[in-house]
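Good morning, colleagues. I would ask you to look at the model on the screen while I describe its architecture and its main pocket.

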Amino acid sequence: MPKLNRRTATFKITAAALLTAIGILIPMVSPLRIVIEPASYTLASHVAIFIAMFISPKVALVVTLGTTLGFFLGGFPPTIVVRAASHIVFVVLGSMYLQKIDKFNMSFMHLRIFSLVMALIHGAFEFVAVMLLYFGTNVPITQETFIFFVTMVGAGTVVHSIVDLEIANVVRLALQKQPTFRELTS
């Protein structure tokens, strides 16, 4: 294996491990959280996943699977574990898209459109995950329950996702000033 490839592989493995640890730790220790079951919002809880998306699809997938497993092993409620698992869809789609474009020179508007599209996919799949989870329970899916799920899980996740991507973008911009980061994530 040539030196650059070994170096890139080592960087990606290390980045995946660190981002997974951060992605598990933030929801566990953050005081900035709102929980209105089945919705929950923890500021910056998706930042590690978004940074991983800018590194590579494989790193993004590993971080998403790692954080989902971390939530499961950490004894989080099934709703949160299932919602974390639903991230696989937007993470894979988003990271594959980022591989095809010049992710280091995204315009302000391009990043905002990307953020909105990812947030809509993110919110839609979290909503579907919660609905599927609740269909097998004694909780009646009334019109009020459905509206609650749409607003708190679906729309709430869209807003939360956009905020977290903005935080991740600040970190990403700082990281990409480092020539090594740009070289290893290209």
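What should the 33 residues of helix 6 span at 1.5 Å a residue, and how far apart are its end C-alpha atoms? The expected span of helix 6 (residues 143–175) is 48 Å and its end C-alpha atoms lie 46 Å apart, which agrees; the expectation is 1.5 Å times one less than the number of residues. Helices here are DSSP runs of H or I of at least four residues, and strands are runs of E of at least two, numbered from the N terminus.

Some notes on the source. This is a predicted model, in which local features need pLDDT of at least 70, side-chain atom pairs count only at pLDDT 80 or more, and totals for chains, interfaces and linings use all residues. Residues are numbered from 1 along each chain as its sequence is written, and side-chain values use heavy atoms, with hydrogens and water left out.

Turning to the whole protein, we have seven helices and two strands, in the order α-β-β-α-α-α-α-α-α along the sequence. The C-alpha atoms fill a box of roughly 60 × 35 × 30 Å along the principal axes. Buried residues, those under 20% relative accessible area (1.4 Å probe, protein chains only), make up 45% of the 186 residues.

How many residues of the lining of the largest pocket come from helix 4? Helix 4 supplies four, the largest share. A pocket is an open set of points on a 1 Å grid over the protein atoms alone where a 1.4 Å probe fits, with protein on both sides within 12 Å along at least five of seven lines; lining residues have an atom within 4 Å of a point. Of the 18 lining residues, Pro27, Ser40, Ser45, Phe71 and Ile80 lie nearest the centre.

Definitions and conventions
Buried means under 20% relative accessible area, exposed over 50%, partly exposed in between (1.4 Å probe, protein chains only).
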